Amino acid sequence: MKTEQIIEIARRTIKTEASSIEALSDFIDNSFASVIDLIYRSKGRVIVTGIGKSANIANKIVATLNSTGTPAVFMHAADAIHGDLGMVQKEDVVIALSKSGDTPEIKVLVPLIKNMGNALVALTGNPDSYLGTRADFVLNSFVQQEACPNNLAPTTSTTAQLVIGDAVAICLLEMRNFTSHDFAQYHPGGSLGKRLYLTVGDLYTQNERPVVQIGDGMKTIIMEISARRLGMTAVEDGDVLCGIITDGDLRRMLEREVNIQTITAREIMTPDPKTIPSDMLAAEALEIMEKMNITQLLVVDDGVYKGVIHLHDIIKEGIL
């Protein structure tokens, strides 16, 4: 197969799925809104079940719901009738995924759930199916065709299920006023978690606190920058922060015709440096550095110079 043919197949697959996903918006109706209201008001969990590829999608929907503030549990439709049905509690809402709505396992499971008295939501591409006609609510995930040229392998249909699941999760997220701080509680690990909870105060204390006085000379300035190994030093007038001197400031100063024996920090420094509080998120500090094209920021709390956070500190934590 030629390269051009491979590219064309891939593009056709994406276009097929994209057009089917766009058509799903026509199925978002009062029934969808009722499902969201049902789950939001429920004191139980969301039990998501399916079989085959639908089971894989059900697992992803559960993960998304849990991470956005809606407690959810996956239950495999085949295992449910062999004991796992015991995980369903009285006030749980059950969402059953099935493209056809007529698979044998679903047909066995539906009456059992109905007998238990739990609300049943069908996420199916066939509202007229066994599942669709017996569920309390239907989330329609109908697609015109699969991306598979034989119209057999679940491709577009499973993508549609995933999208409907995401729509459910995001509606519930917004109804719960779920914030980035809430999100951080459920994602403490990895770079994502660190972006959401790691503060400047967690990082700057591992660095030295370079500082010179406004009247200090070149030797003192160079020794301070060299000793603290941050490529800069803050400048204070007594206890008041008034400027910053970086390696770049020193280089630019040496390009001028000046007497380095008499020059002081006052003449070299950049006044009114950009400062940040220690409780700012490290990710926000990174955004400031990128915007201002700088590699360090001075940390100041209540007017007191506390230290320095460097770009390398953030990189080392894996936030960048």
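**Figure 1. Two helices, α3 and α7, each put at least two residues into the lining of the largest cavity.** We are looking at a predicted model here, as in every view that follows. The lining is made up of Ile61, Leu65, Ile95, Leu123, Gly165 and Val168. Sorted by class, that gives 5 nonpolar residues, 1 polar residue and no charged ones. The space inside comes to about 40 Å³, and the structure holds just 1 cavity of 30 Å³ or more.

**Figure 2. The largest nonpolar core runs to 25 residues.** Look for Ile39, Val48, Leu65, Leu97, Leu139 and Val168, the residues with the most contacts inside this core. At least two core residues come from each of α2 (30-41), β1 (46-50), α3 (53-67), β3 (93-98), β4 (119-124) and α7 (156-175). Somewhere else, and separate from this one, sits a second core of 18 residues, with Met280, Leu297, Ile309 and Ile319 among them.

**Figure 3. A closer look at Val48 and what it touches.** Which residues is Val48 in contact with, once its neighbours within four places in sequence are left aside? The list is Ala58, Ile61, Val62, Leu65, Val73, Phe74, Met75, Ile95 and Leu97. Two of these names, Leu65 and Leu97, also turn up with Val48 among the residues with the most contacts inside the largest core. Ile61, Leu65 and Ile95 may ring a bell too: they help line the largest cavity.

**Figure 4. Helix α7 and its buried residues.** The end C-alpha atoms of α7 are 29 Å apart, which agrees with the 28 Å that its 20 residues should span at 1.5 Å a residue. Which residues of α7 are buried? They are Thr156, Ser157, Thr158, Ala160, Gln161, Ile164, Gly165, Val168, Ala169, Leu172 and Leu173. An α-helix has 3.6 residues a turn, so residues three or four places apart point the same way. With that in mind, follow Ala160, Ile164 and Val168 along the buried set. The cover over the buried residues includes α1 (3-23), α2, α3, β3, β4 and β5 (137-140). After the helix comes Asn177, with a positive phi near 55 degrees.

**Figure 5. Ser157, a residue of helix α7.** Is Ser157 buried or exposed? Its relative accessible area is 5%, so Ser157 is buried, the cut-off being under 20%. Setting aside neighbours within four places in sequence, Ser157 is in contact with Lys99, Val143 and Glu146.

**Figure 6. The largest pocket, with about 280 Å³ of space.** There are 15 lining residues, and the closest to the pocket centre are Ile244, Thr246, Thr270, Ile294 and Gln296. β8 (240-246), α11 (247-254) and β11 (296-301) each bring at least two residues to the lining. The mix by class is 6 nonpolar, 6 polar and 3 charged.

**Figure 7. The second largest pocket, about 180 Å³ in volume.** Of its 14 lining residues, Ile51, Lys53, Ser54, Lys99 and Pro154 are the closest to the centre. Elements giving two or more residues to the lining are α3, β3 and α7. Which element gives the most? That would be α7, with 3 residues. By class, the lining has 4 nonpolar, 7 polar and 3 charged residues. Lys99 is worth a second glance, as one of the contacts of Ser157.

**Figure 8. Two loop residues with positive phi, Arg229 and Asp302.** Arg229 sits in the loop between α10 (218-228) and β7 (232-237), and its phi is near 60 degrees. With a relative accessible area of 75%, Arg229 is exposed. If you zoom out to Gly125, 104 residues away along the chain, the C-alpha atoms of the pair turn out to be 63 Å apart. Asp302 is found in the loop between β11 and β12 (304-310), with phi near 50 degrees. Asp302 is exposed as well, at 82% relative accessible area. Neither Arg229 nor Asp302 is a glycine.

**Figure 9. Ile315 in helix α14 (residues 311-316).** How does Ile315 count at 41% relative accessibility? Ile315 counts as partly exposed, because 41% falls between the 20% and 50% cut-offs. Leu286 is 29 residues away along the chain, and its C-alpha atom is separated from that of Ile315 by 9.3 Å.

Conventions. Residues numbered from 1 in each chain as written. Predicted model: local features only at pLDDT ≥ 70, side-chain atom pairs only at ≥ 80, totals over all residues. Heavy atoms only, no water. Core = buried A, V, L, I, M, F, W, Y, C linked by side-chain atoms within 4.5 Å. Buried < 20%, exposed > 50% of the residue type's maximum accessible area, 1.4 Å probe, protein only. Helix = DSSP H or I, 4+ residues; strand = E, 2+ residues; numbered from the N terminus. Contact = heavy atoms within 4.5 Å. 1 Å grid on protein atoms, 1.4 Å probe; cavity = no way out; pocket = protein on both sides within 12 Å on 5 of 7 lines; lining within 4 Å. Points joined across faces, edges and corners; volume = space filled by probe spheres on them. Nonpolar A, V, L, I, M, F, W, Y, C, P; charged D, E, K, R; others polar. Expected span 1.5 Å × (residues − 1).
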